[in-house]
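This report describes the fold of a single protein chain, from its overall dimensions down to selected residues. The sequence and structure are displayed first.

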Amino acid sequence: MANKEISSTQNPLIKHIVLLKEKSRERKKTNTFVLEGEREIQLALNGQYAIQTILVLPEIYDITKIEDLPKTIDIIEVSKEVYQKIAYRETTEGIIAIAKSKPHQLESIVFNNNNPLILIAEAPEKPGNIGAILRTADAANVDAVIIANPKTDLYNPNIVRSSIGCIFTNQIATGTTEDIIAFLNQNNIAIYSAILQDAVHYHEQDYSKGSAIVVGTEADGLSDIWRKASKQNIKIPMQGAIDSMNVSVAAGILIFEAKRQRNFK
């Protein structure tokens with residue numbers, strides 16, 4: 001199927017892929033990113049991402065498995081040395097792709113019901129946490145994930161990897177905290193901020209109407225503007241020696257309480 005082959009690590013495309021992996025500036029300049037693995041590529045295609053190029057190591061991956069892909073995608077066979085240069089997983093499947101990124105504007109969010117459930121994370125920085133949040137959001141099938149004041153490029157390879165492709169399955173937007181609060185108010189979505197001050201236990205609130213669950217970082221928590229914008233601040237009762245937990249774990253607890261109240265619909 002492939003009509004192209006690359007055997008040199010000095011090939012311009014290979015150098016470009018290395019830059020895409022390592023430099024956020026390159027990803028933003030070209031509006032492209034790298035993803036790896038059959039499942040992730042399929043999820044990206046399902047999520048209407050435009051795949052430009054697929055590179056395959058034929059020793060590992062059966063190229064006939066992708067015969068039905070759109071003809072607009074370049075399929076390139078690469079040598080083992082080349083593949084090791086561009087792969088970022090320790091255990092690999094032998095398939096890597098370059099895809100076009102999406103803009104993720106607040107205005108692009110579409111709600112398919114009158115009581116949307118949104119998960120918001122303010123200023124998450126660690127790719128592993130962001131990936132875990134996206135996995136939680138996918139598991140709960142929330143209507144949207146919004147990243148406020150993002151500190152990390154959404155298409156960082158470590159986010160793509162740690163989300164196990166859930167970056168492609170969620171409706172995601174980014175924006176400033178102020179713009180997001182205005183967006184929520186315009187759409188009559190109640191804000192429930194995970195803040196210790198002026199807070200009640202999370203299970204005492206009703207999330208059956210349009211709701212946004214907002215979480216901050218473990219180090220800094222949420223900015224004060226969220227406390228003032230909230231319909232109610234909420235907290236998880238902590239019963240051990242520490243007073244906080246991983247942000248993705250906290251998000252999961254809060255979001256699934258909302259789903260429980262909605263009969264998991």
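The sections below treat the chain as a whole, its two sheets, its nonpolar cores and a few individual positions.

## Overall architecture

The coordinates are those of a predicted model. The chain contains nine helices and twelve strands. Its C-alpha trace spans about 60 × 40 × 30 Å along the principal axes. A compact globule of 265 residues would have a radius of gyration near 18 Å, and the 20 Å of this chain agrees with that value.

Buried residues account for 50% of the 265 residues. Among the contacts with a separation of 6 or more, 77% join residues that are 24 or more positions apart.

## The five-strand sheet

Five strands make up an open sheet with mixed pairing, in the order 1-4-3-5-2. Strand 1 (4-6) and strand 2 occupy its edges; each has a single partner strand, so one side of each lacks a neighbour in the sheet. From one strand to the next, the twist averages 25°.

Both senses of pairing can be followed at the two edges. Strand 1 and strand 4 (residues 74-78) are parallel and share three bridges, and the bridge partner of E5 in strand 4 is E77. Strand 2 runs antiparallel to strand 5, to which five bridges join it; here E36 stands opposite I96 of strand 5. In general, the strands of a sheet pair through backbone hydrogen bonds, in a parallel or an antiparallel sense.

## Helices and burial around strand 2

Is edge strand 2 buried on one face or on both faces? Both faces are covered: T32, V34 and E36 are buried on one side, and F33 and L35 are buried on the other. Five of the five residues of strand 2 are thus buried. Helix 1 (residues 12-22) lies across strand 1, strand 2, strand 3, strand 4 and strand 5, and runs at about 90° to strand 2.

The buried residues of helix 3 (residues 38-46) are E40, I41 and A44. Seen down the axis of helix 3, these buried residues fall within an arc of 100°, so they line one face of the helix. An α-helix has 3.6 residues a turn, so residues three or four places apart point the same way. The cover over the buried residues of helix 3 includes strand 2 (32-36), strand 3 (51-56) and strand 5 (95-100). Helix 3 is followed by Q48, which has a positive phi near 65°.

## The seven-strand sheet

A further open sheet has seven strands in the order 8-7-6-11-9-12-10, with parallel pairing. Its edge strands are strand 8 (172-175) and strand 10 (199-201), each of which pairs on one side only. On average, neighbouring strands of this sheet are turned by 30° against each other, direction ignored.

Strand 6 (residues 117-122) and strand 7 (residues 144-148) run parallel and are joined by five bridges. Within this pair, L119 stands opposite V145 of strand 7. Helix 5 (residues 127-140) packs on the sheet and touches strand 6, strand 7 and strand 8; its direction makes about 175° with that of strand 6. Helix 9 (residues 247-261) lies across strand 6, strand 9 (190-194), strand 11 (211-215) and strand 12, and runs at about 160° to strand 6.

## Nonpolar cores

The largest nonpolar core has 67 residues, of which L35, I54, I66 and I167 touch the most other members. Helix 9 supplies the largest share of this core, six residues. A second, separate core has 19 residues, including I120, I180, I181 and I195. In soluble globular proteins, nonpolar side chains tend to be buried together.

## Two contrasting positions

T177 lies in helix 7 (residues 177-186). T177 counts as buried because its relative accessibility is 1%, below the 20% limit used for burial. Leaving aside neighbours within four places in sequence, T177 is in contact with E122, A148, N149, S223, I225 and W226.

K231 is located in the loop between helix 8 (224-229) and strand 12 (232-235). K231 is exposed, with a relative accessible area of 59%. Not counting residues up to four places away in sequence, K231 touches A190, I191 and Y192. The C-alpha atoms of K231 and I191 are separated by 5.4 Å, although these residues are 40 residues apart along the chain.

Definitions and conventions:
Residues are numbered from 1 along each chain as its sequence is written. This is a predicted model: local features need pLDDT of at least 70, side-chain atom pairs count only at pLDDT 80 or more; totals for chains, interfaces and linings use all residues. Side-chain values use heavy atoms; hydrogens and water are left out. Helices (H or I, at least four residues) and strands (E, at least two) are DSSP runs, numbered from the N terminus. Buried means under 20% relative accessible area, exposed over 50%, partly exposed in between (1.4 Å probe, protein chains only). Contact means heavy atoms within 4.5 Å. Two strands pair if DSSP finds at least two bridges between them. Axes are lines fitted to C-alpha atoms, for helices over the stretch in contact, and angles run from 0 to 180 degrees between N-to-C directions. A nonpolar core is a set of buried Ala, Val, Leu, Ile, Met, Phe, Trp, Tyr and Cys residues joined through side-chain atoms within 4.5 Å. The arc is that of the directions from the helix axis to the C-beta atoms. The radius of gyration is taken over C-alpha atoms; the globule rule is 2.2 Å times the number of residues to the power 0.38.
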